[in-house]
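Biologist: Please give me a close look at the ligand site. After that, work outwards from it into the rest of the fold.

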Amino acid sequence: MALINEHYLKLQAGYLFPEIGRRVSEFAAANPDKKIIKMGIGDVTQPLVPTVLKAFHEGVDEQGTAATFKGYGPEQGYEFLRKAIAENAYQANGVNIPADDIVVSDGSKCDTGNIQEIFGASNKIAICDPVYPVYSDTTVMSGKTGECKSNGYYDGIIYMPCTDENNFTPDLPTERPDLIFLCYPNNPTGTVASKEELKKWVDYARENKSIILYDAAYEAFITEDGIPRSIYEIEGAKEVAIEFRSFSKTAGFTGVRCAYTVIPEELKAFDSKGNAHSVKKLWLRRQSTKFNGVSYPVQKAAAAVYTAEGQKEVKEVIAYYLENARIMRESLEAIGYTVYGGVNAPYVWVKTKGGMTSWEFFDKVLSEANVVGTPGSGFGPAGEGYFRFSAFADRESTIEAMTRIKNLS
Ligand SMILES: *Cc1c(COP(=O)(O)O)cnc(C)c1O
């Protein structure tokens, strides 16, 4: 008899996006004349930039000639890409990460989920609330939790609420975690963590022999000086942190698929006898067994992001999204909303007015302004009373959506 992994039975049905979809279809069916503007998605809309597209095409053409054809590539990623990342994304910013500590993959979603596998099931995981749902769902799948409680929290996970009261950066937990997920710039709140804030976590992890799993998928959206782009800007972080970065939001690769994970040589985790082991070695063992690398044309396209032209072009696209975020932020503030994020991230996190719940606000904005956003409570209980607008729509729709919201009763 084939038995299933029963941890999967603890997972709650993906509720948020199906429920949004259901309410939007229902409204659209009842109001076929209304033009609905979608600002709920966390996906990019602008095409690949020309320099990246050209390199992508060249990579494909190389596969068509015997002299340049490539079969299986190195599981860790081609050296040309790992070197380009190390030099441009780290060393150019004064952070000494060697190409050997970088592992190329097909996505940060996969990496933040798969990384759980190399850590034992008895690890305690700390996760922010509200949060990108992948961290908690993969914690459940890997057998590190009990059942889901009525508030949506899984037994056994240490939740760290992030609200305006703590500036959307969690307080140190009272119970000691072994693994700590942090994401800055943050999805969904669009907020960032200062150097002091990250230092607090690095010091805590060092004291407690914990590991920080740092998701920096939105690093390229940081515009303000002094905000850390990498956890490794903090002294001592190499011994306690893994960093995940992706070309998805940075260079429009959500449909192309390329990301990377940094695991410093110095990072160690322990066996039950207290012996230290290299985490990088375990991750490479895992990847070389279960993954056969990102396709060559995609890695070639990703490397083109770091050319001078590529940088100029991707920065223009990011500036376009950030200008949308600025328009949203200022329009919403002008009509009395308290707004967070949107300066160093493509998300604007709005506090609803008059104690309205996230879903009440969703329904009002949908029915009266025909705009779709994402209810904050869908990302966790601490998101109740907040609402996320994404800056990934096109400019015209962004402006039109804000005009309609301004005219709300
Ligand atoms: C979009 C996103 C990612 C990127 O995932 P990919 O699998 O690389 O596309 C990672 N983390 C967060 C929080 C995200 O929003």
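**The ligand site and its surroundings**

Modeller: Start with Lys-249: an N or O atom in its side chain sits 3.3 Å from an oxygen atom of the ligand. Bear in mind that this is a predicted model. Ser-248 also points a polar side-chain atom at a ligand oxygen, at 2.6 Å. Asp-215 deals with a nitrogen atom of the ligand instead, and the distance to an N or O atom of the Asp-215 side chain is 2.7 Å. On its own, the ligand has 390 Å² of accessible area, and the protein covers 94% of that. Two elements each give two or more residues to the shell: α4 (108-114) and α7 (247-251). By their numbers, Ser-248 and Lys-249 both fall in α7.

Now take the shell as a whole. There are 14 residues around the ligand. Those that come nearest are Asp-215, Tyr-218, Ser-246, Ser-248 and Lys-249. The chemistry of the shell is mixed: five residues are nonpolar, five are polar and four are charged.

Next, place the contacts along the chain. Strand β6 spans 211-215, and strand β7 spans 241-246. Asp-215 is therefore in β6, on the numbering, because 215 is where that strand ends. Ser-246 is at the end of β7. The loop between these two strands holds Ile-222. Is Ile-222 buried or exposed? Ile-222 has a relative accessible area of 5%, so it is buried. Ile-222 also pairs with a distant part of the sequence. Gly-342 is 120 residues away along the chain, yet the two C-alpha atoms are 9.9 Å apart.

Step from the site into the nonpolar interior. The largest nonpolar core has 100 residues. Ile-85, Ile-212, Phe-247, Phe-253 and Phe-389 have the most contacts inside this core. Helix α10 (residues 308-334) gives the largest share, with nine residues. Why does this core lie between two domains? Domain 1 (15-44 + 310-406) and domain 2 (53-306) both contribute residues, so the core sits between them. Two of the core residues link back to the ligand site. Ile-212 is in β6 by number, and Phe-247 is in α7.

Look next at a buried polar residue. Gln-299 belongs to helix α9 (residues 296-304). Gln-299 counts as buried because its relative accessible area is 1%, and the cut-off is under 20%. The Gln-299 side chain has a partner: it reaches the backbone nitrogen of Tyr-78 at 2.8 Å.

Pro-264 is in the loop between β8 (259-262) and β9 (268-270). Pro-264 is buried, since its relative accessibility is 0%. Its C-alpha is 6.8 Å from that of Lys-280, with the two positions 16 residues apart in sequence.

Tyr-337 gives a similar kind of pairing. Tyr-337 sits in the loop between α10 and β11 (338-341). Its relative accessibility of 11% makes it buried. Val-350 is 13 residues away in sequence and 6.8 Å away, C-alpha to C-alpha.

Finish with the backbone. Most residues other than glycine have a negative phi, and most peptide bonds are trans. Here are some exceptions. The loop between β5 (179-183) and α6 (195-208) holds Pro-185, and Pro-188 is in the loop between β5 and α6 too. A cis bond joins Tyr-184 to Pro-185, with omega about -10 degrees. Asn-187 and Pro-188 are joined by a cis bond as well, with omega near 15 degrees.

Phe-168 has a phi near 65 degrees, which is positive, and it is not a glycine. Phe-168 is in the loop between β4 (157-161) and β5. At 1% relative accessible area, Phe-168 is buried. Asn-370 also has a positive phi, about 55 degrees. Asn-370 occupies the loop between α11 (358-369) and β13 (371-372). Asn-370 is buried too, at 8% relative accessibility.

Technical notes. Residues numbered from 1 in each chain as written. Predicted model: local features only at pLDDT ≥ 70, side-chain atom pairs only at ≥ 80, totals over all residues. Heavy atoms only, no water. Near = heavy atom within 4 Å. Polar contact = N/O pair within 3.5 Å; in protein donor to acceptor, adjacent residues only side chain to side chain. Areas by Shrake-Rupley, 256 points an atom, 1.4 Å probe, with all protein chains shown as cover. Helix = DSSP H or I, 4+ residues; strand = E, 2+ residues; numbered from the N terminus. Nonpolar A, V, L, I, M, F, W, Y, C, P; charged D, E, K, R; others polar. Core = buried A, V, L, I, M, F, W, Y, C linked by side-chain atoms within 4.5 Å. Buried < 20%, exposed > 50% of the residue type's maximum accessible area, 1.4 Å probe, protein only. Domains from an automatic or database assignment.
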